[in-house]
Amino acid sequence: MPQAAQSVDRFHVVQLLMRATDPVRCAERRESASKRRQLAGTKYVWLKRRESLTKLQLARREELDPAKTHLREARACQMAKALQDVYSCADRESAARAPERLCSWMMHSAVAEMKSVARTLRKEWEGILNWWKRGSTNSFLEGLNSVVQSVRSAARGFRSIAYFRTMIFLRLGHLDFTAQRQLACATH
């Protein structure tokens, strides 16, 4: 398929960022007793979207604002928010202008985990921009894969690929065997 273009799912980009911010908070908590007190109980304050925060969590987040504190976790979350804002762009062209400044900010920050994210974003940026072209995700395929994995784990192994394939088709086919059961009961 020579015209095929790789598209990086929005969910995976955000997941990459969120998985990078949590270790920042954990490492920063271990640095000193004052940071431990300051960051105690803030995991979901950083991971949740601003609209989903309770009033208490929102006040805590405002208290830990990067302008008021010099926490690396606050800066990492600011960077994550900036990348999420890229997805609010209307089209591919407007989104294409944002990454270089964002990646530069990440690379020049004192947050090592964000530098790793910036390298990944630069490497995969064309695929990320392709999301605007089609707006498609691989969530359907991931759902199918989840069902296939549940079939595999429920069976605890198959003798052959043919049996495994048959079980996948039976599970994913949504076949209705009620008529078969009624016929079997009627003959006995």
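**Notebook: helix packing around H1, H5 and H8**

I began with Arg-119, which counts as partly exposed at 48% relative accessibility (buried is under 20% relative accessible area, exposed over 50%, partly exposed in between, with a 1.4 Å probe and protein chains only). Before going on, I noted that this is a predicted model, where local features need pLDDT of at least 70, side-chain atom pairs count only at pLDDT 80 or more, and totals for chains, interfaces and linings use all residues. Residues are numbered from 1 along each chain as its sequence is written, and side-chain values use heavy atoms, with hydrogens and water left out.

Arg-119 sits in helix H8 (helices are DSSP runs of H or I, at least four residues, numbered from the N terminus). I checked its C-alpha against that of Met-106: they are 9.1 Å apart in space and 13 residues apart in sequence. Thr-120 is in H8 too, and at 29% relative accessible area Thr-120 is partly exposed. From the C-alpha of Thr-120 to that of Ala-80 I get 14 Å, with the two positions 40 residues apart along the chain.

**H5**

Does the length of H5 agree or disagree with its residue count? H5 covers residues 72-86, and its 15 residues should span 21 Å at 1.5 Å a residue (the expected span is 1.5 Å times one less than the number of residues). The end C-alpha atoms are 22 Å apart, which agrees.

I then listed the buried residues of H5: Arg-72, Glu-73, Ala-74, Ala-76, Cys-77, Met-79, Ala-80, Leu-83 and Val-86. Their cover includes H1 (10-29), H2 (33-39), H3 (43-47), H6 (92-96), H7 (99-107) and H8 (112-134), counting contact as heavy atoms within 4.5 Å.

**Helix pairs**

The axes of H1 and H5 come within 9 Å and cross at roughly 170° (axes are lines fitted to C-alpha atoms, for helices over the stretch in contact, and angles run from 0 to 180 degrees between N-to-C directions). H1 and H5 are therefore roughly antiparallel (over 145 degrees; under 35 counts as roughly parallel). By class, I find nine nonpolar, two polar and four charged residues in that contact (Ala, Val, Leu, Ile, Met, Phe, Trp, Tyr, Cys and Pro count as nonpolar, Asp, Glu, Lys and Arg as charged, the others, Gly among them, as polar).

For H5 and H8, the axes come within 12 Å and cross at roughly 10°, so the two are roughly parallel. Here Ala-76, Met-79, Leu-83 and Val-86 of H5 meet Met-114, Leu-121, Trp-125 and Trp-132 of H8. That contact has eight nonpolar residues, no polar and no charged ones.

H1 and H8 pack at about 175°, axes 10 Å apart, which makes H1 roughly antiparallel to H8. The residues of this contact divide into eleven nonpolar, two polar and two charged.

**Cores**

Which residues touch the most other members of the largest nonpolar core? Of its 26 residues, they are Leu-17, Leu-83, Met-106, Met-114, Leu-121, Ile-128 and Trp-132 (a core is a set of buried Ala, Val, Leu, Ile, Met, Phe, Trp, Tyr and Cys residues joined through side-chain atoms within 4.5 Å). H1, H5, H7 and H8 each give two or more residues to this core, and H8 has the largest share, nine.

I looked up Leu-17 last: not counting residues up to four places away in sequence, Leu-17 touches Ala-80, Leu-83, Met-106, Met-114 and Val-117. A second, separate core of six residues includes Trp-46, Leu-71, Ala-74 and Cys-77.

Conventions. Parallel < 35°, antiparallel > 145°, perpendicular 65-115°, else oblique.
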